[in-house]
Amino acid sequence: MDSSAFTDVFDEWTDSALEWVSDNGESLFDYIRQVLEGLYDGILWLLQLPPFYLIALVVALIGWRLVNVWFALLSGIALALCFWMGLWPETMSTLALVLTATVIALAIGIPIGIAAGFFTALDRFMEPGLDLIQTLPPYIYLLPAIALLGYGPATALIATVIVAVPPAIRLTSLGIRMTPKEFIELGEALGVTPAKMFFKIRLPFALPSIMAGINQSLMMAFGMVVIAGIVGSGGLGETIYGAIRTLDIATSINGAIAIVVLTMVIDRITQSAARLGTGRKA
Amino acid sequence: MKAVNIEAKDVLIDCQSLWKVFGSKSAAAMKSIKERGLGKNEVLKEFNCVVGVSDASIEVRRGEIFCIMGLSGSGKSTLIRLLNKLITPSSGKVLVKGRDLASLSPADLRQMRAKNIGMVFQSVALLPHRTVLENAAFGLEVQGIAKAERNKTASAALEKVGLADWLSRYPNELSGGMQQRVGLARALASDPEIILMDEPFSALDPLIRRQLQDEFRQLTKALGKSAVFITHDLDEAIRIGDRIAIMKDGVIIQTGTAEEIILNPADAYVAEFVAGISRLHLIKAHSVMRSVTEFQQSAPNFDIASLARTTPDADIDELISLTMQSERDAIAVVDNDRVVGVVTPRSLLMGVKGTSAPDLTAA
């Protein structure tokens, strides 16, 4: 048996395994799709409820409180630009995708990260897996997802969650392990219960790192959500993908501008929130 | 039976033959120390384990400041952590207020640490995101005491350490000495009977250090607390401690008052340590005085009744001043209206050298 025959066999196995999973797990995957899409639709509905200027205003206000007045002005204008380019619905559905994926990624990543922070063995066990996820080209995750969940936002969400989870796990675990030894000792000497040790001593020290993890997850999600345009995610990703296929350069650039605006606004706001929430300004 | 009870009541911390062996095979190492009497080096070679504390026994009495003095690596920091079971001993018992720490449930141990044993660290360990008041109240907060009450108690504790005006500041706004005061206030706020001080002043500059030493001693005495105080500085131990234990290589070489240690060092190591310490304020009249009969034999013409008088607790410094003021060459030591001894210039000189009375009679 030569080597190409061997890989052929391997490929066959993989295909039939995937087929078997999709045949036998159909109802399960249907259910997963419904839950994901329900969550996404809910968030999207909320974001589409107010007119664009109200959202731009709220973002500008948050930006003013958390960053500064220039950032507030700029972010308000930039969001208005998205509206004037005729891309407001797409921008909101992209935001909804990113938020949904990030919320799921954090719900998975933070608890696992906390566990990994306490149990070094778990951390060491997961490390190669996280490395693998982060080194593979991200669109790889679209393939199994599309096979199991079909064309649509659910597939985009799963692939985005996979990409957004590793930084949440890594930075949470790092934060938990970063608590200085003398504060653990202080807690023990004060007779602190394990729960209070976690919430009053470990968590405050871990918070900056966890916040950085949240920010990183968001950024990964933004990156993936555009790629997920290929599988019919909706939103700006699909706009850009469609524009590229028809060589409509103007629209693809508009979509790119909208995505950059959204990413930068969210990035700056979460970074500042992290700084304010964790460290007191000197 | 009754006498034993009274004594046990006065001893707040009683540790009997404590051992701590560090390393993955510490249990096996401990066993062969007991069975085969292995030394520190053999344990390291055979089990790759380090003996941190070796057969240490101390008693800390109510109201006393007990200093443990040793250089780095002497095991003093390990020993103090055995006293509140931050480190679990490999062998031996720690009784705090008559209760064996090893027999306490985790909840009881937490209760004991929260209520009975305060601790102050060299690193201070103030939570950076909390104000001075919140830090001082932290021990009470984790005990679940309501905010108004804990803030009141913590403010009072901060006032005792002279930080009443700094309540709403953050730790990074305070000098090292002030941070250490907050650490002390945090320990005092829970009103423990025992305070464990792990080299609290070692990182401070000498002037502040001295000030804090005096304040700490006054405060501890005024509040009627007992303290175990770790230091690598013999001067500090003498300044603060009622009794001092000297540690080397995990072993307590000698325990006693500063005077006892200086006059009768247990070995060459201790002798070398105490060589540089000024005796003027440490050695008292009762240690250097000659007996009345002996004095009368050597100087039959002296009328003891005409001599200047002092008490057995007068230190060498006072005795020198008295001798210089007096016209006669001797001072009578009087206890309860009875002359118990005579201090001569010769005995003073011996005292300054740090030699006690028995040697004096031999000479």
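**Exercise 1. Contacts and burial in chain B**

Task: Work out what share of the contacts in chain B between residues at least 6 apart in sequence join residues at least 24 apart, and describe the chain around them.

Solution: Start with the contacts. In this predicted model, 68% of the chain B contacts between residues at least 6 apart in sequence link residues at least 24 apart. Next, look at the secondary structure: chain B has 18 helices and 13 strands. Then take the extent. Along the principal axes, the C-alpha atoms of chain B fill a box of roughly 75 × 60 × 45 Å. Finally, check burial: 43% of the 363 residues of chain B count as buried.

**Exercise 2. Two helices of chain A**

Task: Decide how helix α2 (residues 26-48) of chain A is placed against helix α5 (residues 88-118) of chain A, and list the residues that meet.

Solution: Begin with the axes, which come within 9 Å and cross at roughly 135°. Now classify that angle. Over 145 degrees would count as roughly antiparallel, and 65 to 115 as roughly perpendicular, so α2(A) is oblique to α5(A). The handedness comes next: α2(A) passes α5(A) in a right-handed crossing. Now go to the residues. From α2(A) come A:L39, A:Y40, A:I43, A:L44, A:L47 and A:Q48; they meet A:M92, A:S93, A:L95, A:A96, A:L97, A:L99 and A:T100 of α5(A). Sorted by class, this contact has ten nonpolar, three polar and no charged residues.

**Exercise 3. The domains of chain A**

Task: Find where the two domains of chain A lie in the sequence, and describe the side of domain 1 that touches domain 2.

Solution: First the bounds: domain 1 of chain A covers 51-84, and domain 2 covers 90-282. The C-alpha centres of these two domains are 23 Å apart. Next, the contact itself: eleven residues of domain 1 of chain A touch nine residues of domain 2 of chain A. On the domain 1 side, α3 (52-66) and α4 (69-84) of chain A each supply at least two residues. The largest share, six residues, comes from α4(A). By class, that side of domain 1 has nine nonpolar, two polar and no charged residues.

**Exercise 4. Where chain A touches chain B**

Task: Say how many residues each chain gives to the contact between chain A and chain B, and which helix of chain A gives the largest share.

Solution: Count both sides: there are 15 residues from chain A and 15 residues from chain B. Then look at chain A, where α9 (181-189) and α10 (194-227) each supply at least two residues. The largest share of the chain A side, six residues, belongs to α9(A). Lastly, sort by class: the chain A side has seven nonpolar, two polar and six charged residues.

Note on methods:
Residues are numbered from 1 along each chain as its sequence is written. Chains are lettered from A and ligands numbered from 1 in the order in which they are written. This is a predicted model: local features need pLDDT of at least 70, side-chain atom pairs count only at pLDDT 80 or more; totals for chains, interfaces and linings use all residues. Two residues are in contact if their C-beta atoms, placed from the backbone, lie within 7 Å. Helices (H or I, at least four residues) and strands (E, at least two) are DSSP runs, numbered from the N terminus. Ala, Val, Leu, Ile, Met, Phe, Trp, Tyr, Cys and Pro count as nonpolar, Asp, Glu, Lys and Arg as charged, and the others, Gly among them, as polar. Axes are lines fitted to C-alpha atoms, for helices over the stretch in contact, and angles run from 0 to 180 degrees between N-to-C directions. Angles under 35 degrees count as roughly parallel, over 145 as roughly antiparallel, 65 to 115 as roughly perpendicular and the rest as oblique. A crossing is left-handed if the near helix is turned anticlockwise from the far one by less than a right angle, and right-handed if clockwise. Domain bounds come from an automatic or database domain assignment. A residue is buried if 20 or more other C-beta atoms lie within 10 Å of its own, exposed if 12 or fewer, and partly exposed in between; C-beta atoms are placed from the backbone.
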